[in-house]
Amino acid sequence: MSKPKVLITNPEVPEIALNLLREKCELIINEEQPYPSKAEIVAKCKGVDAIFWVSKYSFDEEILQAAGAQMQVASTMSAGLDNVDLVALKRHGVKLGHTPVVLNEAVSDVAILLILATSRRIIEGRLAIENNSWRYGPQWQLGRDISGSTVGIVGLGNIGQTIVKKLKPFGVSTFLYSGHKESNAGKELGCEFVTFDELLVKSDFVVCSCPLTDETRGMFNEAAFNKMKSTGIFINIARGGIVVQEDLVKVLENKRIFGAGLDVMTPEPLPRDDPLLKLSNCVLLPHIGSATVNTRNSMAELAAQNILMGLGGQKMFTPAY
Ligand code: DGY
């Protein structure tokens, strides 16, 4: 019997996943470097039984049509599913997996990194050294404390909960969270469920860790930022699309809020002349939340397992729906 064909959309998928899949499947690897285009993915997917999706492009009707009706199984190598047309995949009866949980530690580390870097004004400090404007004085280059602060988590999912656990030893006084409903996890962690508005008003650090959906797209707009404390810090480790970026630029330029730390932005990669790059009160990272060797290996392995389970007619470890 011939082996099922699995398309690997990106040639950099860790070997651990390829080896696992090779035992039972024929792999079609999109070798185009450095990053296969949508057209290159479309060109390779005809007739495959499953797709291992690692791409910034949208996994959508075009891919489903190009693959054909036999393609019934897929997994992304990501927790986020905002680049997948879930409605189209469901309509075609495709079983879809994704890779949540295994990236909790890595992504929450980056949230902590951004909280520290923004609250202690790391970019301004570095620039002061470079520009020879380092001076002494009791009022110079003062940051904001994490100890005694109120931290508001927008979206207390797996990553949000891990951020809370990691911040507790820093002496945070109050954790707030907003979302659809109060959760047991929130209660167990001693976090207080509040409305989005209340969270904005009361928090010293506002951490965005919710998925990008039609509901959350653009929820951090000027009106939202204007509800924050003038000493407030905004952190985003989720998706750039949750923020109206020009509004964030405006409130940072006007010093309406103290600072922002972003691992995600719009677009990615950010153009070199983007206004965000001119702001010394904004710390930017190139979407490296899950970018550690172990985490990427775990994500790849989990995606491969999802595909094997889907092809074997079993329930995936981490189905998307
Ligand atoms: C995810 O898995 O959604 C991450 O953002 C990828 O780095």
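The exchange below goes through the ligand site, the cysteines and the domains of a predicted model.

Reader: Which residues are around the ligand?

Author: The residues around the ligand are S78, A79, G80, L103, R239, H287, S290, R296 and M299, and this shell divides into three nonpolar, four polar and two charged residues.

Reader: What makes the pair formed by G80 and the ligand a polar contact?

Author: A backbone N or O atom of G80 lies 2.8 Å from an oxygen atom of the ligand, and a polar contact asks for N or O atoms within 3.5 Å, so the pair qualifies.

Reader: Which distances hold for the polar side-chain atoms of H287 and S290?

Author: For H287, a polar side-chain atom lies 2.8 Å from an oxygen atom of the ligand, and for S290 the distance from a polar side-chain atom to a ligand oxygen atom is 2.8 Å. Taken alone, the ligand exposes 240 Å², of which the protein buries 86%.

Reader: How many disulfides does a search of the whole structure find, and why is C25 not bonded to the closest cysteine sulfur?

Author: The search finds zero disulfides. The sulfur of C25 is 17 Å from the closest cysteine sulfur, which belongs to C45, and because a disulfide requires two cysteine sulfur atoms within 2.5 Å, that separation is too far for a bond. C282 is likewise in no disulfide, the nearest cysteine sulfur, that of C208, being 14 Å away.

Reader: Why are C25 and C282 called buried?

Author: Buried means under 20% relative accessible area; C25 has a relative accessibility of 4% and therefore counts as buried, while C282, with a relative accessible area of 3%, is therefore buried by that cut-off too.

Reader: Where do the bounds of domain 1 and domain 2 lie in the protein chain?

Author: The protein chain is divided into domain 1, made up of 5-102 + 293-311, and domain 2, which covers 104-284. Between the C-alpha centres of domain 1 and domain 2 the distance is 32 Å, and the contact takes six residues from domain 1 and five residues from domain 2, where contact means heavy atoms within 4.5 Å.

Methods. Residues numbered from 1 in each chain as written. Predicted model: local features only at pLDDT ≥ 70, side-chain atom pairs only at ≥ 80, totals over all residues. Heavy atoms only, no water. Near = heavy atom within 4 Å. Polar contact = N/O pair within 3.5 Å; in protein donor to acceptor, adjacent residues only side chain to side chain. Areas by Shrake-Rupley, 256 points an atom, 1.4 Å probe, with all protein chains shown as cover. Nonpolar A, V, L, I, M, F, W, Y, C, P; charged D, E, K, R; others polar. Buried < 20%, exposed > 50% of the residue type's maximum accessible area, 1.4 Å probe, protein only. Domains from an automatic or database assignment.
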